[in-house]
Amino acid sequence: MRALCWHGKQDIRCDTVPDPKIEDPRDAIVRVTSCAICGSDLHLYDGFIPGMKSGDIIGHEFMGEVVEVGSGNRKLKVGDRVVVPFTICCGECEQCRRGYYSVCERSNRNRSLADKAFGHSPAGLFGYTHLTGGYPGGQAEYVRVPYADVAPVKVPDGMTDEQVLFLGDILPTGWQAAVQCDIQPTDTVAIWGAGPVGQFAIRSAILLGAKQVIAIDRVPERLDMARAGGAITINFAKESVLERLKDLTDGKGPEKCIDAVGMEAHATSTLDAMYDRAKQAVMAETDRPHVLREMMYVCRPAGTLSVPGVYAGLDDKIPMGAFMNKGLTMRTGQTHVNRWTDDLLRRIQEGQIDPSFVITHTVGLEDGPAMYKTFRDKQDGCVKVVLKP
Amino acid sequence: MAYAKHGSADSMARGLGWFSIALGLAELAMPRTLTRSLGMQGRERLMSAYGLREVATGIGILSARDPTPWVWGRVAGDALDLGTLATALDGGNPRRDNVGFAFAAVLGVTALDVICATALGMGQRRRGPVRDYSDRRGMPRPPAQMRGAARDLDVPEDMRTPAPLRPYTSAA
């Protein structure tokens with residue numbers, strides 16, 4: 001089969017690789033009909049996350065048709081259309097039973113590695129380093145889905161791939177980012193990053209009833225899309241984020257702040273951003289946490305920071321003084337996808353939200369390597385790439 | 001194919017970045033040794049300044065998303081180096097041979113820098129015209145009408161604002 005494989009920094013290739021096989025009775029094999037490039041895939045593309053090996057199949061946003069089912073899988077049958085959440089979960093461990101699917105205690109088959117890196121291992125992920133299991137990803141013609149009797153979401157008849165594909169990651173990620181802010185009708189929610197997750201966080205915050213939603217980015221098309229979703233926008237390349245947020249909140253700061261950027265913040269004109277670039281260049285720091293610093297500084301005292309943006313390792317110059325003295329709360333983590341999928345699927349079916357608005361490019365799998373660069377460099381108005389294997 | 005070529009230029013730029021840092025550190029660590037070997041005693045401070053420039057340029061190349069201006073910065077630095085070395089090429093310098101060798105080496109590196117900067121420039125694609133996404137609402141009605149449509153969600157207890165903080169976050 002064909003699959004997009006990682007071969008090093010900025011080196012993704014469309015290779016021919018062996019087809020996947022059932023390895024466990026609970027497995028299923030899915031023929032991928034649609035998959036997508038995620039912003040967090042760009043951290044792999046840019047070589048910021050360790051634990052990749054040459055030839056690894058990448059991708060964790062995918063859906064398709066079940067073509068083979070293990071003997072112990074009673075949930076799925078051949079022919080089912082499913083969206084597969086990016087976090088692999090067993091459904092039985094203590095964390096899964098509590099609804100914390102993204103920290104499943106059993107699905108990371110390389111947990112000893114992750115234990116060393118993070119203290120305790122999170123769940124296994126598709127196509128996202130050997131730290132999280134080294135599972136072949138979904139930017140491929142076929143995927144083996146472990147624990148396939150737990151997470152995959154069956155797609156009701158009549159729904160298109162474009163309507164439901166993002167249930168596997170970015171829609172619930174933007175949704176959880178907003179939900180864990182516990183938005184009140186009086187809240188201003190500031191969202192850093194108007195990429196795909198930021199776009200869904202904007203719409204989630206509106207639907208959950210925020211008084212005011214503010215999106216911060218510098219890419220004209222993304223700011224345009226953010227305004228269409230109901231956000232007031234700040235172009236950080238042209239205006240002061242701190243001043244605008246003060247103006248928009250009567251000097252009090254936003255009650256809720258969402259970091260939909262993560263470890264590769266692109267602030268260019270601030271001292272801390274230059275400091276991060278220099279440290280990252282000589283491998284003295286893994287992340288560029290400009291957004292985290294800015295959120296801690298601007299957030300209204302007793303406010304909440306929600307961090308769906310991915311961080312990998314060590315961050316420097318975090319203003320813990322501001323964080324502690326203002327009594328802020330931070331909620332973060334990979335998304336507990338299955339906690340939200342039933343509810344979000346219902347909202348899509350009822351027409352409350354149509355996730356397909358975010359798709360700007362649809363191409364074949366063979367064009368995937370070039371689209372990584374287009375997406376990373378935000379060329380050609382690229383916000384979200386869907387691949388059709 | 002253009003993509004592959006651009007990837008090679010990126011790799012070359014990274015190599016030049018590390019070379020720049022290594023050379024700069026050497027100039028900072030042993031300015032006296034280097035100036036003596038070139039018959040340029042008394043110009044140790046200049047050598048250290050050039051070392052700082054090399055280190056800064058190297059970090060710039062390695063850390064920038066677009067290293068092109070930094071590689072062109074190296075070309076400018078090469079011109080400065082060549083000009084400085086040219087002043088030591090006079091017949092009275094007992095280390096003239098070393099200076100000639102250094103001059104040739106810098107010329108070679110300059111050629112590499114120019115090739116790399118040009119390739120990087122050619123590999124860059126224009127962002128193109130700004131696309132209009134003002135109709136990509138993703139919701140059936142305008143945001144003002146959709147505000148609060150999902151208030152039926154029962155926010156899980158573990159994701160609620162702690163009770164002692166609620167009066168502050170929900171106060172009008």
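Me: Is A:Met283 buried or exposed in this predicted model?
Reply: In this predicted model, the relative accessible area of A:Met283 is 67%. The cut-off for exposed is over 50%. A:Met283 is therefore exposed.

Me: Where in chain A is the place of A:Met283?
Reply: Two helices of chain A flank this residue: α9 covers 271-281 and α10 covers 290-298. A:Met283 has its place between them, in the loop.

Me: Which residues make the nonpolar surface patch of about 330 Å²?
Reply: The patch draws on both chains, with B:Trp18 from chain B. A:Met283, exposed at 67%, is one of the chain A members. The residues are B:Trp18, A:Val282 and A:Met283.

Me: How many residues of α10(A) are buried?
Reply: Buried means under 20% relative accessible area. Among the residues of α10(A) that meet this are A:His290, A:Arg293 and A:Glu294, along with A:Leu292 and A:Met295. The helix is mostly covered, and of its nine residues the number buried is eight.

Me: What radius of gyration does chain A have, and what would a compact globule have?
Reply: Chain A has 389 residues, and a compact globule with that number would have a radius of gyration near 21 Å. The C-alpha atoms fill a box of roughly 60 × 50 × 45 Å along the principal axes. Buried residues make up 64% of the chain. The value for chain A agrees with the globule rule: 20 Å.

Me: What is the area buried between chain B and chain A?
Reply: The size of an interface is often given as the accessible area lost when the parts come together. Here 74 residues from chain A and 47 residues from chain B take part in the contact. Carbon and sulfur atoms give 51% of the buried area. The area is about 4900 Å².

Me: Which residue of chain B forms a salt bridge with A:Arg346?
Reply: The rule finds five salt bridges across the interface of chain B and chain A. A salt bridge needs the nitrogen and the carboxyl oxygen within 4 Å. For A:Arg346 the closest N and O atoms are 3.2 Å apart, and the partner is B:Asp152.

Me: Is B:Asp78 buried or exposed?
Reply: B:Asp78 lies in helix α4 of chain B, residues 68-86. Leaving out residues up to four places away in sequence, B:Asp78 touches B:Val106, B:Val109, B:Thr110 and B:Asp113. The relative accessible area of B:Asp78 is 2%, so this residue is buried.

Conventions
Residues are numbered from 1 along each chain as its sequence is written. Chains are lettered from A and ligands numbered from 1 in the order in which they are written. This is a predicted model: local features need pLDDT of at least 70, side-chain atom pairs count only at pLDDT 80 or more; totals for chains, interfaces and linings use all residues. Side-chain values use heavy atoms; hydrogens and water are left out. Patches are made of residues with over 30% relative accessible area and no salt bridge: like charges are joined within 9 Å, nonpolar side chains (Val, Leu, Ile, Met, Phe, Trp, Tyr) within 5 Å. Accessible areas come from the Shrake-Rupley method with a 1.4 Å probe; for residues, only the protein chains shown count as cover. A salt bridge is a side-chain nitrogen of Lys or Arg within 4 Å of a carboxyl oxygen of Asp or Glu. Helices (H or I, at least four residues) and strands (E, at least two) are DSSP runs, numbered from the N terminus. Buried means under 20% relative accessible area, exposed over 50%, partly exposed in between (1.4 Å probe, protein chains only). The radius of gyration is taken over C-alpha atoms; the globule rule is 2.2 Å times the number of residues to the power 0.38. Contact means heavy atoms within 4.5 Å. Buried area is the accessible area (1.4 Å probe) that two parts lose on being put together, summed over both.
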